[in-house]
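User: Please take a close look at one buried spot for me, and then work outward from there to the rest of the model. I'm happy with numbers, as long as you tell me the cut-offs behind them.

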Amino acid sequence: MNEFIDIVLLGMLAITALGVIVLKDLFAVVMLFGVYSLLSALIFVNLDAVDVAFTEASVGAGISTVLMLGTLALTGRKEKSTSTIKLMPLLVVLVTGGALLYGTLDMPPFGDPNNPAHQHVAPRYIEESPKEIGLPNMVTSVLASYRAFDTLGETAVVFAAAIGVLSILGLPKSERTALASGLQSHLVLKVVAKLIIPLTILFALYVQFHGDYGPGGGFQAGVIAAAAIILYALVFGLPVALKVLPPSTLNILVASGVLIYAGTGLVSFALGANFLDYNVLSSDPVAGQHLGIILIELGVGITVFAAMLSIFFAFANRAERKNIS
Amino acid sequence: MSFVTDYYNYWVVVFLMMAGFYVVIAANNLVKKVVGLGIFQTAVFMMYITIGKVKGGSAPIVAEGVESFSNPLPHVLILTAIVVGVATTAVALALIIRIKQAYGTIEENEFEDKEDLI
């Protein structure tokens with residue numbers, strides 16, 4: 001049954017990818033890309049990667065679709081090009097694809113427990129991490145404890161991306177935006193949005209603090225909370241949303257998330273252990289690990305939330321300024 | 001038949017990668033190129049997650065009565081890769097907006113012609 005679901009979803013994914021190649025309307029292309037992300041999230045669930053599916057659904061289908069639509073609003077929705085299939089790229093793709101297909105024949109069979117990938121460190125994580133870290137969700141244990149350096153670097157990448165976008169597009173200034181923006185005249189939208197937004201933020205907090213026990217964590221929670229504010233900005237207008245969360249506050253939040261993360265590392269360093277070794281944070285190593293993971297997940301959540309939101313504000317602010325001029 | 005069920009995931013992943021690759025090198029429009037890159041990227045993610053799957057395993061969260069788990073390591077790597085992916089996509093889209101502003105177009109062949117004028 002699992003295999004059947006897999007085949008159907010992968011087939012739908014292939015059709016979506018073909019649609020992206022063929023279609024000339026960029027709005028449709030972006031929408032298909034959102035569908036593609038949701039379909040791959042479903043496949044990730046089917047392949048037991050629930051945390052990945054959660055991230056792909058909120059990040060891939062949510063935020064990147066919004067950002068792409070924001071770009072289309074500024075650059076136009078029609079692709080100007082000849083509809084003929086280009087021969088040279090097609091040849092390159094066919095040769096590369098053929099080589100890769102030949103390469104897959106040397107891959108170990110799909111799902112075999114004796115595959116090399118399942119022999120090295122994975123059994124250690126699976127057997128020891130619930131005892132050492134005390135968390136049921138092994139993905140969180142590996143992400144936040146065993147490989148905390150990776151995650152710190154990655155939080156820094158999100159931070160750097162936010163700085164990059166803000167320096168390319170400019171900081172949003174609320175006085176430059178139109179007052180009558182948003183969909184305020186739509187009463188039903190307003191009422192529904194007011195109902196949904198608090199629940200979304202509540203859900204984000206649940207995902208943030210329940211990530212140790214079930215799927216979720218700082219990355220997903222940050223994106224979900226940002227999505228709630230984006231919905232608020234879409235319905236009530238950008239100027240109102242900029243008053244709720246001014247860009248200056250967001251800038252402080254983006255940096256403070258990274259600081260909380262690195263600061264947790266420095267505290268454990270100062271207490272005589274290695275950087276980001278949480279065992280010393282409490283008298284009991286498992287309790288120390290738990291405290292450390294909660295702190296750095298909080299840092300990740302704050303940085304991701306503020307970075308996604310300031311990137312969205314930068315895009316939306318550009319679009320509004322274009323509408324005024 | 002078992003040969004097909006052992007490998008079809010990899011084959012579809014290769015197809016998706018090549019579809020994304022084709023869009024990246026053949027499309028003129030920059031937004032479409034970014035979408036192609038996203039398709040390629042997600043295909044790579046799917047490859048890793050496929051490798052991490054253990055038949056009969058469950059999601060790597062400890063629960064009563066569950067003995068066999070899929071490999072959590074690829075999940076961690078790909079989870080972080082997705083977030084970095086959206087961050088770099090955002091920077092790419094911001095650059096596209098500036099290119100539109102500077103050249104008045106985001107079709108690659110058109111602004112390459114204008115390159116000499118500036």
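Analyst: Let's start with B:Thr89, which sits in helix 3 (residues 72-103) of chain B. Helices here are DSSP runs of H or I with at least four residues, strands are runs of E with at least two, and both are numbered from the N terminus. B:Thr89 has a relative accessibility of 16%, so it counts as buried; the cut-offs, from a 1.4 Å probe and protein chains only, are under 20% for buried, over 50% for exposed and anything in between for partly exposed. Leaving aside residues up to four places away in sequence, B:Thr89 touches A:Met68 and B:Val34, where a contact means heavy atoms within 4.5 Å.

A word on conventions: this is a predicted model, in which local features need pLDDT of at least 70 and side-chain atom pairs count only at pLDDT 80 or more, while totals for chains, interfaces and linings use all residues. Residues are numbered from 1 along each chain as its sequence is written, chains are lettered from A and ligands numbered from 1 in the order in which they are written, and side-chain values use heavy atoms, with hydrogens and water left out.

How confident is the predictor? The complex gets an ipTM of 0.92 and a pTM of 0.91. Chain B has an average pLDDT of 89, with 96% of the residues scoring at least 70; pLDDT is the predictor's confidence in each residue, on a scale from 0 to 100. Among the elements of chain B, helix 2 (residues 30-52) has the highest mean pLDDT at 93, and helix 4 (residues 108-114) the lowest at 77.

The two chains also meet through their N-terminal-numbered helices. Helix 1 (residues 2-22) of chain A and helix 1 (residues 2-26) of chain B have axes that come within 10 Å and cross at roughly 10 degrees. The axes are lines fitted to C-alpha atoms, for helices over the stretch in contact, and the angles run from 0 to 180 degrees between N-to-C directions. That crossing makes the two helices roughly parallel, a label for angles under 35 degrees (over 145 is roughly antiparallel, 65 to 115 roughly perpendicular, the rest oblique). On the chain A side, the contact residues include A:Ile7, A:Leu10 and A:Leu13, and on the chain B side B:Val12, B:Phe15 and B:Leu16 are among them. By class, this contact has 15 nonpolar, 1 polar and 2 charged residues, with Ala, Val, Leu, Ile, Met, Phe, Trp, Tyr, Cys and Pro taken as nonpolar, Asp, Glu, Lys and Arg as charged, and the others, Gly among them, as polar.

Chain A comes to 12 helices and 0 strands, and its C-alpha trace spans about 60 × 55 × 35 Å along the principal axes. Of its 325 residues, 49% count as buried. Among contacts in chain A between residues at least 6 apart in sequence, 72% join residues at least 24 apart.

Now for the aromatic rings. Rings of Phe, Tyr and Trp (its six-membered ring) pair if their centres lie within 6.5 Å, and planes under 30 degrees apart count as stacked, over 60 as edge-to-face and the rest as tilted. By this rule there are 9 aromatic pairs over all chains. One of them is the stacked pair of A:Phe33 and A:Tyr36, 6.2 Å centre to centre with 15 degrees between the planes. These two are 3 residues apart in helix 2 (residues 26-46) of chain A, so about one helical turn separates them. A:Phe33 is buried at 6% relative accessible area, and A:Tyr36 is buried at 1%. A:Phe312 and A:Phe313 form a tilted pair, with 6.0 Å between centres and 50 degrees between planes. In chain B, B:Tyr7, B:Tyr10 and B:Trp11 make up one aromatic cluster.

Two backbone details round this off. Most residues other than glycine have a negative phi. A:Asp48 is not a glycine, yet has a positive phi of about 75 degrees; A:Asp48 is in the loop between helix 2 and helix 3 (50-75) of chain A and is buried at 9%. A:Leu276, also not a glycine, has a positive phi of about 65 degrees. A:Leu276 is in the loop between helix 11 (247-270) and helix 12 (285-324) of chain A, and its relative accessibility of 5% counts as buried.
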